[in-house]
Amino acid sequence: MKDNQIPREAETLLEYLDRVREAYRIVRQFEVWRASVPSIPGIPDGPLVPPTGGKKGAEKYHGAKLSEAVLGVLEEHPDEVYRAKEIMTILIDGGMTFTATRPDLSVSRCLSRAMKDDRVVKRGRGRWQWKPANPTEEMNCGMCNRMAWGEMMEGGVWMVSCNGCGPYKITPQALAIIEEGMGQEALASVRSTVRSLAEEGKKPLVTIKSLKEWAGSPKAPRRPITEPDDDLPF
């Protein structure tokens, strides 16, 4: 022991050693306590590298684009609900590496953008799920004689995708009026309006009210419209 480590004032060497032993005792008690409590989750500095050891599927997400990988996890398990950190762990186990200090926030941003694109839904605070897809079916386009693909949305509203008319929504009441008989001139006027709106990037909603407005003539329908204007189910 160096001379400058030995106290020179008021305390003897024995007292100094007693204080050292007491400090060691406190440290040992702290180590015992720390071993008895769960570790605090944290993200180490630097890139997160997937564990090695030949784990099955360890290269699944290696080199993949983050947004595509995040959506791939949810799409692969559409019935499961995930937190951003859980998805991050799956990606790391699958071979993805992160350079960001908070990769869970990067995952959250991908999920938020996907929700705006109507691809995922939020199930409570910080919990995400793949949006259940409504089955599509082939149907006659209400605006022309082409075949189109229709998807039943909430409230019975159809989302129609037609190569000639573009994407549009139509209520079952409006579709019934068209199928039961509208003048060709009136229907052509409605289709022209729908197609124009679709080309502008909009998804027009065809209702009984809009049929009246877009038909161009109050005498266009072959039968009187007795249904209320507001035929929306919400």
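A disulfide is a pair of cysteine sulfur atoms within 2.5 Å. Keep that cut-off at hand for the cysteine stop below. The model on screen is predicted.

**Whole chain**

Start with everything shown. The protein has 234 residues, of which 31% count as buried. Colour by secondary structure: seven helices and eight strands appear. The exposed surface comes to about 15,900 Å², with carbon and sulfur atoms supplying 52% of it. Now turn to contacts between residues at least 6 apart in sequence: 53% of them join residues at least 24 apart.

**The sheet**

Select residues 82-83, 120-122 and 127-130. These are strand 1 and strand 2, plus strand 3. Together the three strands make an open sheet, ordered 1-3-2, with antiparallel pairing. Strands 1 and 2 stand at the edges and have a single partner strand each, so one side of each lacks a neighbour in the sheet. Zoom in on strands 1 and 3: two bridges join them. Pick Y82, then its bridge partner in strand 3, W128.

Next, add residues 103-116. This is helix 4, which packs on the sheet and touches strand 2 and strand 3. Compare directions: helix 4 makes about 110° with strand 2.

**The nonpolar cores**

Select M143, Y168, I170 and V206. They have the most contacts inside the largest nonpolar core, a set of 25 residues. Several elements each supply at least two residues of this core:

- strand 6 (158-162) and strand 7 (166-170)
- helix 5 (172-180), helix 6 (184-199) and helix 7 (208-214)

Stay on I170 and show its surroundings. Leaving aside residues up to four places away in sequence, I170 touches M143, V157, W158, V160, L175, I178, L205 and V206.

Then move to M88, L91, M96 and L111. They are among the 21 residues of another core, which lies apart from the largest one.

**The cysteines**

Which cysteine sulfur is closest to that of C144? Select C165 to find it: the two sulfurs are 3.7 Å apart, too far for a bond. The cut-off is 2.5 Å, so this pair does not count as a disulfide. Across the whole structure, the search finds zero disulfides.

Is C144 buried or exposed? C144 is buried, at a relative accessible area of 16%. Finish on C110, which is also buried, with a relative accessible area of 9%.

Note on methods: Residues numbered from 1 in each chain as written. Predicted model: local features only at pLDDT ≥ 70, side-chain atom pairs only at ≥ 80, totals over all residues. Heavy atoms only, no water. Pairing = 2+ DSSP bridges. Helix = DSSP H or I, 4+ residues; strand = E, 2+ residues; numbered from the N terminus. Contact = heavy atoms within 4.5 Å. Axes fitted to C-alpha atoms, helices over the stretch in contact; angles between N-to-C directions. Buried < 20%, exposed > 50% of the residue type's maximum accessible area, 1.4 Å probe, protein only. Areas by Shrake-Rupley, 256 points an atom, 1.4 Å probe, with all protein chains shown as cover. Core = buried A, V, L, I, M, F, W, Y, C linked by side-chain atoms within 4.5 Å.
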